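Work through the exercises below with the sequence and the coordinates open. Each task is followed by its solution in steps.

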Amino acid sequence: MEVTVGTAALALALLALPVLYERSGSFRFFCKMGFYNGWILLLALVAIPLCALRGRDVENMKIIRGLMQHVKHLYGIRMAVRGAQHFPPRQPYVVVSNHQSSLDLLGMMEVLPDRCVPIAKRELLYMGAVGVVCWLGGIIFIDRKRTHDAISVMAEAAHTMLSQDVRVWVFPEGTRNHSGSMLPFKRGAFHLAVQAQVPVVPIVISSYQHFYSKQERRFTAGQCVIQVLPPLPTRGLGPADVPALTERVRAAMLEAFEALSAELCPTAPPPAPQ
């Protein structure tokens with residue numbers, strides 16, 4: 001049987017892939033991240049018809065969460081939730097969490113309370129199947145470049161929380177932070193909580209740096225702890241109290257983050273101050 005040059009080259013390339021995967025950390029990192037993103041897209045395609053039966057509804061987050069919870073096992077990531085008893089049992093609230101990478105999605109799905117939806121940047125809505133699933137799950141989209149629209153969305157979110165018993169999840173850093181610490185918090189989530197007069201529930205996801213680093217192209221198995229801190233009430237607070245509330249929550253979260261980092265990776269250097 002005649003073997004063409006193209007076929008031989010393809011065979012050699014396929015044979016080389018396992019060797020590259022074992023010997024090149026960068027190649028292994030990109031393979032794992034490529035599979036992660038591809039698998040999320042596949043799960044979105046599975047979720048669309050299941051969620052479409054109910055239409056746009058926060059209850060669809062249960063379906064999305066159920067489909068996502070196995071992904072951590074594919075990567076050997078062990079997750080532990082602490083302090084789940086701090087979730088207020090029968091009322092709306094605003095969850096604020098630190099934001100490190102796209103892996104935060106796994107931590108969110110591990111601890112996501114019932115009837116809780118994230119607030120996300122509007123660009124996510126246009127990301128094909130993933131955007132469709134996010135819309136079906138009731139995720140609240142804001143355009144951060146248009147301040148007036150963002151304020152209107154937050155006001156509507158406050159009304160929805162109170163009238164439909166919805167919890168909201170916000171990443172107050174506003175962007176992913178790979179530094180191993182926390183960026184300054186934006187105040188939108190805290191204005192929302194004060195406007196709705198609902199508690200703020202801080203959630204701290206421990207550092208990934210002992211098993212994941214985008215800069216170092218490293219992604220191995222590891223452990224992650226999700227710590228739910230006691231809720232902070234906002235009843236009686238007004239707009240003037242938002243800056244102090246923001247800093248109080250950030251300080252509590254940063255203290256917990258640094259304690260978890262020292263526990264899980266005691267030899268790691270201290271993070272740079274923010």
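**Exercise 1: Around β3**

β3 and β4 run parallel and are joined by three bridges. The model is a predicted one.

Task: find a residue pair that represents this pairing, then state which helix connects the two strands and with what handedness.

Step 1. K121 has I142 of β4 as its bridge partner.
Step 2. The connecting helix is α6, residues 128-136, and together with β3 and β4 it makes a β-α-β unit that is right-handed.
Step 3. On β5, β3 has another parallel pairing, again described by three bridges. There, P118 is the bridge partner of W169 in β5.
Step 4. As for burial, five of the six residues of β3 are buried, where buried means under 20% relative accessible area.

**Exercise 2: The whole sheet**

Task: give the strand order of the sheet and name its edge strands.

Step 1. The order is β1-β9-β6-β2-β5-β3-β4, an open sheet of seven strands with mixed pairing.
Step 2. The edges are β1 (77-82) and β4 (140-142), each of which pairs on one side only.
Step 3. Direction ignored, neighbouring strands of the sheet are turned by 25° against each other on average.
Step 4. At the β1 edge, the partner is β9 (residues 222-228), with a parallel pairing over six bridges. One of the residue pairs is M79 with C224 in β9.
Step 5. Helix α5 (residues 104-111) packs on the sheet and touches β1, β3, β5, β6 and β9. The direction of α5 makes about 45° with that of β1.

**Exercise 3: Two positive phi values**

Task: locate D165 and Q197 in the chain, and decide for each whether the residue is buried, partly exposed or exposed.

Step 1. Most residues other than glycine have a negative phi.
Step 2. Phi of D165 is near 55°, a positive value in a residue other than glycine. Phi of Q197 is also near 55° and positive, again in a residue other than glycine.
Step 3. D165 lies in the loop between α7 (147-164) and β5. Q197 is in the loop between α8 (188-196) and β6.
Step 4. The class "partly exposed" lies between the limits of under 20% for buried and over 50% for exposed. D165 has a relative accessible area of 32%, so D165 is partly exposed. Q197 has 23% relative accessibility, so Q197 also counts as partly exposed.

**Exercise 4: A contact across the sequence**

Task: which residues does H86 contact, leaving aside its neighbours within four places in sequence?

Step 1. H86 is in the loop between β1 and β2 (94-97).
Step 2. The contacts of H86 are V228, L229, P230 and P231.
Step 3. For P230, the C-alpha atom is separated from that of H86 by 5.2 Å, although the two residues are 144 residues apart along the chain.
Step 4. With a relative accessible area of 24%, H86 is partly exposed.

**Exercise 5: An annotation against the model**

Task: what is the helix and strand content of the spans that UniProt annotates as "transmembrane region"?

Step 1. The unreviewed UniProt entry gives this annotation to residues 34-53 and 124-142.
Step 2. Residues 34-53 are 95% helix and 0% strand, with end C-alpha atoms 30 Å apart.
Step 3. Residues 124-142 are 47% helix and 16% strand, with end C-alpha atoms 10 Å apart.

Methods: Residues are numbered from 1 along each chain as its sequence is written. This is a predicted model: local features need pLDDT of at least 70, side-chain atom pairs count only at pLDDT 80 or more; totals for chains, interfaces and linings use all residues. Side-chain values use heavy atoms; hydrogens and water are left out. Two strands pair if DSSP finds at least two bridges between them. Helices (H or I, at least four residues) and strands (E, at least two) are DSSP runs, numbered from the N terminus. Axes are lines fitted to C-alpha atoms, for helices over the stretch in contact, and angles run from 0 to 180 degrees between N-to-C directions. Contact means heavy atoms within 4.5 Å. Buried means under 20% relative accessible area, exposed over 50%, partly exposed in between (1.4 Å probe, protein chains only). A crossover is right-handed if, with the strands pointing away from the viewer, the path from the first strand over the helix to the second runs clockwise. UniProt positions are given in the numbering used here, feature names are shortened, and annotations may be inferred rather than shown by experiment.
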